[in-house]
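Reader: I'm new to protein structures and would like some help. Could you show me how to read strands and empty spaces?

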Amino acid sequence: MRLELTTYPVRKVQWSHQTSYCDGLLDINKEELLSTVLEDKKIISADLDIALPGEETRIVNVRDVVEARLKVAGPGCVFPGILGPVETVGHGRTHRLSGMAVVVSATYRPTILSGTAAQNSSIIDMWGPLAKATPFGSTINIVLVIKLVEGVTELEAHAAIQLAEFKVARRLAETTRELAAGETEVFGIEDVDPSLPRVVYIDSFLTNWHAPHSLVAYYGLPVRESLPTYIHPNEYLDGALTKDTRIGSGEYTYTWEWLNKGIVFRLLREHGKRINFLGVILQRTRFEAEHGKQVTAICTAQMAKLLKAEGVIVTRTVMSGANLVDVMLTVQACEKKGLKTVLLTPEWGGRDGTESPFVFTVTEANAMVSTGSTDREYRLPAPKKLIGIKKGELVQLYAGDQWLSPSDELTLDDTCLAGTTDWWGAGKYTRVQY
């Protein structure tokens, strides 16, 4: 599989009578896009706004963030199984608008009022300390604000929110369909020098078995009770992996992050140069019993061994103790099979960094890269502009939590803030000498 990914940078966005792209300028016909969104009768109101880096703007009720991409050649479409039929993607030519994102801010009356299956949301600031800590503080954000009708189920809410944001992203990317110019990179994992180190990437992600959606979907299908699955890394670039859009918490992964997964890009770019990249093993975690955790660990390690890997990189998502046990056991199983294994993960540690960084470890996990702490706290100044809520209204980020005023100065931790947890090494690298 060979994918050409062509980038068209967005430097300015403005409202216009037509939706078009030319030399970094993205013109948007607001009425056209909103009419498409309102075709879904589960959406009773919709609006669009623009949030620019550096402006004192706060976006609330954030459910997801996505990059505008379009399949212009090859099988399938971007976001297969959602915007089109299920066909294997990752081949052909795909266009992307870089430097901008579509943010969806959505409200609805939930039917699950407590627990980890309940809906939640997060905040994005376009200035101040939060803007420096998230990739979405430096992108030009087209914010889609929607409200759903009364009586929707949780799964209906997810589907309506996701389809609306993806339709807007696709329409914006459509502006590049006939353009020839653009910076193009070619990605693939064709045969290379057999003497190069053989490396496989294990992408371990947490899923919910007890919720309407499992948190992560593959080709639009929520991943539940599955054993490891081998995929081509190009599938990430065409949106084969998506999220539960009811869950907007900052500790979870947004669709934009699946599309722009830094570790996948780096491994693809090093293929044939420093390594022989063999592909990706998707590993569903959060098995409830020890037996399941052991099975997923040895199955994942055996798959890597059958691929004749020599080295393994493992990452994870969500600061779940159950997820961490599965991942650590996988590291252990890989090492026992003679595979040199590196774990890339954020850590706990407390506000001052003196607490235990992990709740479970194995002696074989002796090569780890920290992507930072998940225990950070941010003092956020009051904004001049709010998107997603009217001034004076309150917002509840988590079911059961207290209501807060986003118009005010706030003190919040990572879980409430979009994009601040770095799961895959996409943030700024720093070093501390002890």
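**Strands, a cavity and a pocket**

Author: Happy to help! In this predicted model, an open sheet of 3 strands follows the order β15-β14-β17, with antiparallel pairing. Its edge strands are β15 (221-222) and β17 (241-243), each of which pairs on one side only.

Reader: What holds the strands of a sheet together?

Author: Strands of a sheet pair through backbone hydrogen bonds, either parallel or antiparallel. Here, β14 (residues 216-218) and β17 run antiparallel and are joined by 3 bridges. For Val 216, the bridge partner in β17 is Lys 243.

Reader: Now the empty spaces. Which residues line the largest cavity?

Author: The general idea comes first: rolling a probe the size of a water molecule over the atoms shows where empty space is left. The count here is 1 cavity of 30 Å³ or more. The largest cavity has a volume of about 100 Å³. Val 216 and Lys 243 turn up again in its lining, along with others including Leu 206, Asp 244 and Trp 258. That lining divides into 7 nonpolar, 2 polar and 2 charged residues.

Reader: And what is the volume of the second largest pocket?

Author: The second largest pocket has a volume of about 870 Å³. Its lining has 33 residues, with Asn 61, Thr 107, Tyr 108, Lys 147 and Gly 388 nearest the centre.

Reader: Which strand gives the largest share of that lining?

Author: β5 does, with 5 residues. Strands that each supply at least two lining residues include β6 (57-66) and β9 (100-107). By type, the lining of this second largest pocket holds 16 nonpolar, 9 polar and 8 charged residues.

Key:
Residues are numbered from 1 along each chain as its sequence is written. This is a predicted model: local features need pLDDT of at least 70, side-chain atom pairs count only at pLDDT 80 or more; totals for chains, interfaces and linings use all residues. Side-chain values use heavy atoms; hydrogens and water are left out. On a 1 Å grid over the protein atoms alone, a cavity is a set of points where a 1.4 Å probe fits but cannot get out, and a pocket is an open set with protein on both sides within 12 Å along at least five of seven lines; lining residues have an atom within 4 Å of a point. Grid points are joined across faces, edges and corners, and a volume is the space filled by probe spheres set on the points. Helices (H or I, at least four residues) and strands (E, at least two) are DSSP runs, numbered from the N terminus. Ala, Val, Leu, Ile, Met, Phe, Trp, Tyr, Cys and Pro count as nonpolar, Asp, Glu, Lys and Arg as charged, and the others, Gly among them, as polar. Two strands pair if DSSP finds at least two bridges between them.
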